[in-house]
Amino acid sequence: MRCLYLDLDGTLLGRAGSLVHDGEGAVAIDGVRAVQACLRAGLEIVLMSGRRRAQVHEDARLLGQGSYIFESGACVVLDGEEHWLTGDLMPGELTIAEQIEHSGAPALLLERYAGRLEYHDPWHVQRDVSHLFRGLVDASEVDALLREHGHHGLRLVDNGVVSTRSPALAALSHVRGYHLLPAAASKAGAVALHRSARGYEREQTFAVGDSREDLACAAEVATLWLVANAVERDPSMRDVLAACENVRIAEAGHGAGVYEAVVSTLIGDRAS
């Protein structure tokens, strides 16, 4: 094994985005142990997240890593060099997020899904690419609506369950996070670009995540692990797993699940 592609929120990080707490908020260092095991084995760790560049950059720096993927695959930073995967939308005088704002697509979704969708305040501000929402909608239905209104270059990405909501969404059974971003952007595409640039074979890489967007990376790595909380929060994900022969579900959640995935993979690698 040469590389681990690792999601942050809901995967490596526990409650409130903490590296040293589990999903319930109890102190736990399993995520740190997972990182330590990778570094001792000489693996590159590539963080892949829906977070803004500045946030992922700092997290990668803390792990001593020079490459990372931000805003759900919109851009791969490879040793400081940006590689954008946003199709016709490129940063210039306006950020990609500003270009999407001017297209009218965010306003369309907020109007059509009033009471079911809102901005994921306060984390939706100062973003370079995507518009970050929370609520409960059918992403495929939203994509059809976007195409109907001429926004063919955009899609809505389901980023999994979130714990924050406003009173306006109180009636929803649960709340999920969503990224409105260029259709060309994806974590899977970002993993493929990084792997190609590094010269890693698919069999030399694995990934750990907790969302459907992470699950799509299975096509680019030897094994894709989902932490236990991924399917606990979204049992419907099990329906997708039947078509993915190289996906495994960890018995533990969050950092402990990452540690389980790392140790199991490294032991299997040595055994082979």
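These legends go with close-up views of a predicted model.

**View 1. The open sheet, strand by strand.** Eight strands line up here as an open sheet, and the pairing is mixed. Reading across, the order is β5-β4-β3-β2-β1-β10-β11-β12. At the edges sit β5 (81-84) and β12 (247-249), each of which pairs on one side only. Neighbouring strands in this sheet are turned by 20° against each other on average, ignoring direction. As a reminder for anyone new to sheets, strands pair through backbone hydrogen bonds, either parallel or antiparallel.

**View 2. Strand β2 and its partner β1.** Zoom in on β2, residues 44-48, and you'll find a strand that is mostly covered, with five of its five residues buried. The residues split by direction: E44, V46 and M48 point one way, while I45 and L47 point the other way. Both groups are buried, and that includes the charged residue E44. Next door, β1 runs parallel to β2, and five bridges join the two. To get your bearings, look for L6, whose bridge partner in β2 is L47.

**View 3. Strand β10 from the β1 side.** Now shift to the pairing of β1 (residues 3-7) with β10, which is parallel and spans four bridges. A handy landmark is Y5, which stands opposite A207 in β10. How many of the residues of β10 are buried? Five of the five are, so β10 is largely enclosed by the rest of the structure. T205, A207 and G209 point one way from the strand, F206 and V208 point the other way, and all of them are buried.

**View 4. Strand β10 from the β11 side.** Here β10 (residues 205-209) pairs with β11 (residues 223-226), again in the parallel sense and over four bridges. Two residue pairs help you find your way along this pairing. V208 has W225 as its bridge partner in β11, and G209 stands opposite L226.

**View 5. Helices α4 and α5 packed together.** Two packed helices are described by the angle between their axes and the distance between the axes. In this view, α4 (residues 105-112) packs against α5 (residues 139-148) at an angle of about 125°, with the axes 11 Å apart. That angle makes α4 oblique to α5. The crossing of the two helices is right-handed. On the α4 side, the contact uses A105, L108, L109 and R112. They meet V142, L145 and L146 in α5. Sorted by class, the contact has six nonpolar residues, no polar ones and one charged residue.

**View 6. H120 in its loop.** This one centres on H120, found in the loop between β6 (117-119) and β7 (131-135). Is H120 buried or exposed? Its relative accessibility is 10%, so H120 counts as buried, given that the cut-off for buried is under 20%. Setting aside residues up to four places away in sequence, H120 touches L132, F133, R134, V162 and T164.

**View 7. G199, ahead of β10.** For the last view, look at the loop between α6 (187-198) and β10, where G199 lies. With a relative accessible area of 48%, G199 is partly exposed. The view also takes in I29, which is 170 residues away from G199 along the chain. The C-alpha atoms of G199 and I29 are separated by 32 Å.

Key: Residues numbered from 1 in each chain as written. Predicted model: local features only at pLDDT ≥ 70, side-chain atom pairs only at ≥ 80, totals over all residues. Heavy atoms only, no water. Pairing = 2+ DSSP bridges. Axes fitted to C-alpha atoms, helices over the stretch in contact; angles between N-to-C directions. Parallel < 35°, antiparallel > 145°, perpendicular 65-115°, else oblique. Left-handed = near helix turned anticlockwise from the far one by under 90°. Contact = heavy atoms within 4.5 Å. Buried < 20%, exposed > 50% of the residue type's maximum accessible area, 1.4 Å probe, protein only.
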